[in-house]
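Reader: I have a structure open here and would love to talk it through with you. Could you take my questions as they come?

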Amino acid sequence: MSAPRIVVVGAGPAGVRAAQALVEAGVRPIVVDEGRRDGGQIYRRQPEGFTRTHALLYGSEAAKAQALHRDFDALRPHIDHRTETLAWNVTAGQLHTVHAPSGATATLDVDALIVCAGATDRLMPVPGWQHAGCYSLGAAQIALKAQACAIGSRVVFMGSGPLLYLVAAQYVKAGARVNAVLDTSSAMPTPAALRGLLQRPRLLWRGLALKASLRLAGVKLMNAVTPLQIDATPDGGVSAVVVRDAHGNERRFDCDAVALGWHLRAESQLADLARCEFAFEPLSRQWLPRIDACGRSSTAGVYLAGDGARLLGADGAEAAGRLAALAALHDLAHERGRTLFAAEQSALQRTLATMNGFREGLAQAFPWPHEHAAALPHDTVVCRCEAITAGELRRSVRELGSQEVNRSKAFSRVGMGRCQGRYCGHAAAEIVAAAASIPVEKIGRLRSQAPVKPLLMSAQEHE
Amino acid sequence: MSDTQHRSDVLIVGGGLMGTTTALFLRRHHGLSVTLLERELIGRQASGTNFGNVRRQGRDLAQIPLANRARAVWGRVNELLGEDLEFAPLGHLRVCYTEAQAAKLEQHVRDVQPLGLDLQMFSADALRKRWGIFSDAVVAGSLSPVDGHANPRLAGPAFGRAAQRAGAHIHEHSEVAHIERVGSEFVAHTVDGRQYRAAQLLVTTGAWSARFAQAFGEAVPLDARGPQMGVTEPLPYAIGPSIGVSTPIEEEGLYFRQIARGNIVFGGGLKGPALADAVRAYVKPDNTLRQLRELRRFVPAFANVQLIRVWSGIEGYTGDWVPVMGPSARVPGLHYAFGFNGEGFAISPGVGEVMAELIATGRTSTPIADFAIGRFAAAVQDQPITT
Amino acid sequence: MNKPLPGTGSGGRFVRLAETARPALRLVIDGAPATALEGDTLLVALLTNGRRVRTSEFGDGTRAGFCLMGACQDCWVWTEAGQRLRACSTAVTEGMAVRTTPPASLWPVTPEVVARERGEVFK
């Protein structure tokens with residue numbers, strides 16, 4: 001096929017490298033992204049007119065960020081870049097988009113769809129987390145990176161994963177006041193975790209250095225905490241974080257902002273709407289779309305790359321994006337694409353295997369504290385959008401007979417809010433599973449329903 | 001919901017609203033033993049995915065007595081079930097875009113009045129005074145003041161639980177492979193080899209019913225279609241009645257209702273693909289966009305609202321837009337209640353009372369002769385048999 | 001340590017740490033004049049001039065954004081004209097006028113509901 005119609009969704013690391021591979025092969029893809037600028041989240045670009053250097057913004061990743069931005073800028077004349085455009089639905093062979101500012105919709109016929117939708121933070125509810133002043137870890141980072149702001153004047157960071165320390169350290173370096181960094185995982189990784197982490201020794205070293213820099217700055221660091229409560233009032237918002245420490249003592253940290261996060265969850269809604277098969281991954285305890293070693297999903301013509309498919313981080317996303325694009329060209333019998341694919345497939349897969357080993361180490365060293373969900377008090381808000389509590393979720397099981405998470409959604413309204421289950425879905429599954437005494441992998445997963453994100457009802461039909 | 005009993009007075013196949021309401025009233029009003037077999041989960045199909053209209057106006061006149069009976073049950077449904085089905089009797093309003101259609105609304109007001117339904121006509125000006133949300137395209141409306149809407153996600157399961165508390169044996173995850181008549185009994189065989197027996201059988205399997213009717217020699221032309229539904233973000237509570245456009249043009253026929261929490265549920269216009277065998281139904285993106293256009297057309301304020309979710313379901317449509325309800329024309333003890341053409345929710349409690357009455361006593365005080373399955377027998381050679 | 005910087009109202013939630021030498025912009029928030037800096041998102045403008053973005057529909061109080069990446073949908077506000085804006089992904093423009101509560105004129109409560117809430121029957 002000489003001029004295949006290929007659409008890339010997402011202009012983060014995976015999408016950029018996918019587009020680049022396509023352009024190298026002589027194809028002109030459409031690249032759809034919700035943002036005004038490329039870069040995704042980790043390499044989010046600051047607005048025009050900001051002056052901070054790449055080194056200041058991206059630290060150790062500055063060179064990679066710069067390369068990504070520069071390479072995308074070079075791609076622009078060769079791609080159809082549709083900014084502020086949401087892919088709101090997908091049907092067989094067609095992607096449905098809306099240009100948010102104008103409400104103009106389009107239906108794109110696609111020969112191959114490469115979905116690089118990225119990820120969001122993964123959240124475990126904490127009593128009080130619905131109040132003003134509570135943010136995701138990613139939000140805290142975006143405030144700093146993209147707007148040169150701290151989310152508050154006294155910030156507590158809580159959760160687990162490398163991002164916890166990275167963002168906290170970035171805050172300290174930028175002059176914000178960080179009152180504490182509270183990690184729910186234990187201080188000592190298991191041998192298995194260490195083995196994984198040692199697959200990328202430079203990254204492991206950087207992580208340790210970040211922790212050290214925080215300690216040096218006098219920031220209180222704690223491991224093995226159990227979050228108990230975020231103190232807040234409905235009008236004033238957050239005022240403190242209360243945890244139980246490793247010795248069982250209650251500890252309280254004053255703050256006016258909390259940043260919460262336990263690594264990431266894949267944005268898999270488009271894959272779900274494209275009827276891709278999913279499988280439960282025990283290591284990260286989340287459902288992920290099935291992909292083969294090249295990023296092919298179970299739906300013909302749909303390729304998945306980046307954090308939206310496997311949470312390998314930015315480096316993995318770049319490799320996965322390129323590989324998926326080349327695989328798509330191979331599958332479309334594109335001659336140039338096939339040559340590139342044959343030449344690069346093995347090396348790209350080796351890169352991804354290394355990233356995956358590290359990812360496994362991360363998941364073991366910084367586990368998703370699923371057991372916290374079952375222990376949440378009944379009046380804890382689980383669904384922030386709809387103000388649905390853990391107790392109402394448990395009622396869906398114990399009084400209304402639900403044994404499955406979509407049934408619990410139908411009965412309790414969890415997941416029916418504007419965020420469409422992004423921030424409550426994982427915890428809701430754990431709560432329902434615990435209440436039903438069924439393993440979480442058997443309790444189902446919240447099925448995505450279009451639109452992928454809220455669609456303004458001023459959206460116009462197109463011809 | 002599991003039980004070891006395998007013989008009862010009545011066997012009901014299909015756990016939507018028609019089946020669960022009948023099960024409840026068989027227990028409560030007639031004391032018969034009941035087993036209900038549901039393929040997956042109670043109330044999950046058309047019963048749970050429909051719009052939630054509890055309306056009497058706009059129905060075929062033959063359905064009004066049944067609808068009146070249902071409305072009486074809706075009025076006490078929370079006490080009946082011990083659960084809140086969010087029934088909001090704040091009116092059902094039909095508006096229209098043309099004087100010709102307004103004349104039809106007026107005729108309908110006259111037609112239903114002797115049947116016990118009192119409607120009120122509104123001019124464009126009167127609509128503006130009372131609601132004020134309609135565009136200038138709307139020329140008239142007709143209000144049924146005590147009709148309204150309820151929550152279909154909750155209704156089927158709530159009726160099922162009430163039936164169970166009343167002593168019905170409700171079995172989910174019990175797909176029926178086939179049903180046979182053995183002597184004077186019906187025997188239903190589930191796919192996993194269980195058998196359930198009863199002297200009387202009721203088929204309430206919605207869009208999947210033609211197969212069972214066909215097995216007893218009664219072919220019914222039945223199509224599966226998918227309602228195209230959507231729901232908005234929560235908005236300040238502003239609108240009481242369920243509201244729809246009355247029009248002969250299918251794609252204009254939108255309707256919406258605001259729930260107490262503030263979200264607006266809408267539906268209408270063209271239907272979408274429903275694959276009964278695969279148990280899947282889809283919302284077509286172009287249908288959604290068209291619906292948004294039609295919604296803006298009749299209530300301009302929708303332009304500033306966000307759609308957050310769409311869904312479909314599998315509804316059964318008979319060839320003649322008339323439901324199938326009542327005794328079999330061929331087999332004593334066999335009964336049907338299916339094919340409600342996308343408007344079964346409102347009348348379901350009435351269907352349950354009537355079918356329970358019919359099964360228990362052999363007759364019912366509510367006229368349902370027009371819905372007899374026998375009407376297809378004469379035409380069966382000309383119709384393709386669908387399952 | 002966190003002295004007020006241009007564009008940071010004394011009642012603000014977010015704290016500006018750098019990039020403060022940007023041209024100032026004027027906007028209107030809930031009818032009151034406010035300032036922001038060119039390149040600010042509307043969310044940053046709201047949270048440097050005040051401490052909330054909106055109020056939860058379900059009684060649990062004020063909200064001030066959550067994810068800042070267009071995923072949580074917890075920062076939608078309105079222009080005076082009723083247009084919906086997602087604050088974290090909308091750039092502030094000069095003269096922008098926004099509301100953090102739904103403008104009553106755009107989704108007016110129907111007279112019938114008003115009457116019912118007063119315990120009256122309509123007409």
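Reader: How many residues of chain B are in contact with chain A?

Author: Happy to help, and please keep in mind that this is a predicted model. On the chain A side, 20 residues take part. They meet a set in chain B that numbers 22 residues.

Reader: Which element of chain B gives the most to the side that touches chain A?

Author: Let's go through the candidates. Those that each supply at least two residues are α7 (152-165), α9 (285-298) and β19 (306-311) of chain B. By class, that side has 15 nonpolar, 1 polar and 6 charged residues. The element that gives the most, with 7 residues, is α9(B).

Reader: In β19(B), which residue is the bridge partner of L456(A)?

Author: Good one to look up on screen. Strand β24 (residues 455-456) of chain A is joined to β19(B) by 2 bridges, and the two strands run antiparallel. Within β19(B), the partner of L456(A) is Q306(B).

Reader: Why is chain B said to be as compact as a globular protein of its length?

Author: Chain B holds 10 helices and 22 strands. For its 387 residues the globule rule gives 21 Å, and chain B is as compact as a globular protein of that length because its radius of gyration is close to that, at 21 Å.

Reader: What percentage of the residues in chain B are buried?

Author: First, some context on the fold. The C-alpha atoms of chain B fill a box of roughly 65 × 40 × 40 Å along the principal axes. Among contacts between residues at least 6 apart in sequence, 75% join residues at least 24 apart. Of the 387 residues in chain B, the buried share is 57%.

How values were computed:
Residues numbered from 1 in each chain as written. Chains lettered and ligands numbered in written order. Predicted model: local features only at pLDDT ≥ 70, side-chain atom pairs only at ≥ 80, totals over all residues. Contact = placed C-beta atoms within 7 Å. Helix = DSSP H or I, 4+ residues; strand = E, 2+ residues; numbered from the N terminus. Nonpolar A, V, L, I, M, F, W, Y, C, P; charged D, E, K, R; others polar. Pairing = 2+ DSSP bridges. Rg over C-alpha atoms; globule rule 2.2 N^0.38 Å. Buried ≥ 20, exposed ≤ 12 C-beta atoms within 10 Å, placed from the backbone.
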